[in-house]
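I wanted to look up how the aromatic rings, one helix pair and the nonpolar cores are laid out in this model. My entries follow.

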Amino acid sequence: MLELRHRGGCPGPGAAGAPPPREGEAAGGDHETESTSDKETDIDDRYGDLDSRPDSDIPEIPPSSDRTPEILKKALSGLSSRWKNWWIRGILTLTMISLFFLIIYMGSFMLMLLVLGIQVKCFHEIITIGYRVYRSYDLPWFRTLSWYFLLCVNYFFYGETVADYFATFVQREEQLQFLIRYHRFISFALYLAGFCMFVLSLVKKHYRLQFYMFAWTHVTLLITVTQSHLVIQNLFEGMIWFLVPISSVICNDITAYLFGFFFGRTPLIKLSPKKTWEGFIGGFFSTVVFGFVAAYMLSKYQYFVCPVEYRSDVNSFVTECEPSELFQLQSYSLPPFLKAVLRRETVSLYPFQIHSIALSTFASLIGPFGGFFASGFKRAFKIKDFANTIPGHGGIMDRFDCQYLMATFVHVYITSFIRGPNPSKVLQQLLVLQPEQQLNIYKTLKTHLIEKGILQPTLKV
């Protein structure tokens, strides 16, 4: 830090016969104002000029410790590092897939908890990088504020979900009715409290650093919380809209790795030197085939195709419905060249299988760019992985960097091409209205149906 040094022999402003200050000199004669200004400018240059630092000046984060189980290390000790990593990744991948199947069997609520847990862990991994890179351990309240904002944003999004899908349950609880009615105002008030706490925590010498981290927190919230909320929204449309996109990304990740491992020769992108064109192309065709077959298998069962609804009478989620046309077999005429190959005129498919081609194509062609983006992010901050949570795979964010991009696409795809009016959701909204409002809607609907000839007019006696 700069030190202010008093210049001796220079009289103060009250001294008799003091000469007028020279141009550019402080009126005090001892240049206190000028020195203070220079001091603050120098402090800002030294502590706040993070945006002008080249990449080479960003401190390297120490590599994470190896968390591979000792039993695996001993079993694979005789292999080369390349094949050792291949086996570790393979074993852990099969383990994670098995656990995923178990959670699917346990139902929609457990899947929602899984999404929430992954979201929190991804947020923790990204925020931790920010703490390390910007040396922000000594900033007041910042860790607390980061997690506080996470709670606020989750309160807002999950409150919206409760209001949309649990209206009948909310109707029975007076306390919940108050919270839902003023949900957005409460959410905004909570955020404002965090905003004010951040402003009060601003410390001289660290202004720019603190605003960097404030922006870092909000971008992280946008990436993790918003996208995980979209995943849950997709899940409520039917478990198949959750499983096929997620499994397509997993399939693409695995098959692209296998094709690249065994046949890869041509580098694909500089951000990820290990990615190859052979892996990218092989992963594309494998993913499209997988998505088509998975869509056929899952479309047969109500458990996967019916929208997830909460039934207040049984106090649980249910997946029972009459499947929509998307999940009923339809006959399609084959193109001429396929007729000659397959020797048949038509083929029976579920319409969802056609949509699965679009989902699989995005997962294999655009989805990997989420991984490339994450690779660029890690290179920018000189880290190999986001964390070392999963041996051979890195952190949770390393495995779900493509999933978040996929979730956004699926949500946009459903709202643009699939979703129609949901009678169950409309009924839930009607049930929370006042009796007078319900009666008015009933009269209006009855009049409309009579005019359309669906109902016969009631004869007045």
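**Ring pairs**

I looked up tyrosine 191 first and found it partly exposed, with a relative accessible area of 27%. For this I took buried as under 20% relative accessible area, exposed as over 50% and partly exposed as in between (1.4 Å probe, protein chains only). The model is predicted: local features need pLDDT of at least 70 and side-chain atom pairs count only at pLDDT 80 or more, while totals for chains, interfaces and linings use all residues. Residues are numbered from 1 along each chain as its sequence is written, and side-chain values use heavy atoms, with hydrogens and water left out.

Phenylalanine 149 is buried, at 2% relative accessibility.

I noted 27 aromatic pairs in the structure. Rings of Phe, Tyr and Trp (its six-membered ring) pair if their centres lie within 6.5 Å; planes under 30 degrees apart are stacked, over 60 edge-to-face, and the rest tilted. Phenylalanine 149 and tyrosine 191 have ring centres 5.3 Å apart and planes at 45 degrees, so I entered the pair as tilted. This pair links distant parts of the chain, 42 residues apart: phenylalanine 149 is in helix H5 (residues 142-165) and tyrosine 191 in helix H8 (residues 183-200). Helices here are DSSP runs (H or I, at least four residues), numbered from the N terminus.

I also found that ring pairs join Tyr148, Phe149, Tyr191, Phe198, Phe211 and Phe214 into a cluster.

**H5 against H8**

The axes of H5 and H8 are 10 Å apart, at an angle of about 170 degrees. Axes are lines fitted to C-alpha atoms, for helices over the stretch in contact, and angles run from 0 to 180 degrees between N-to-C directions. H5 and H8 are therefore roughly antiparallel (angles over 145 degrees count as such). Among the residues making the contact (heavy atoms within 4.5 Å) are Phe149 of H5 and Tyr191 of H8. I listed the contact residues as 13 nonpolar, 4 polar and 2 charged.

**Cores**

The largest nonpolar core has 39 residues, and Leu111, Ile240, Trp241, Phe242, Leu243, Phe352 and Leu359 touch the most other members. Such a core is a set of buried Ala, Val, Leu, Ile, Met, Phe, Trp, Tyr and Cys residues joined through side-chain atoms within 4.5 Å. H10 gives the most to this core, with 8 residues. Apart from this core I noted another, of 31 residues, including Ile127 and Ile383.

Definitions and conventions. Helices (H or I, at least four residues) and strands (E, at least two) are DSSP runs, numbered from the N terminus. Angles under 35 degrees count as roughly parallel, over 145 as roughly antiparallel, 65 to 115 as roughly perpendicular and the rest as oblique. Ala, Val, Leu, Ile, Met, Phe, Trp, Tyr, Cys and Pro count as nonpolar, Asp, Glu, Lys and Arg as charged, and the others, Gly among them, as polar.
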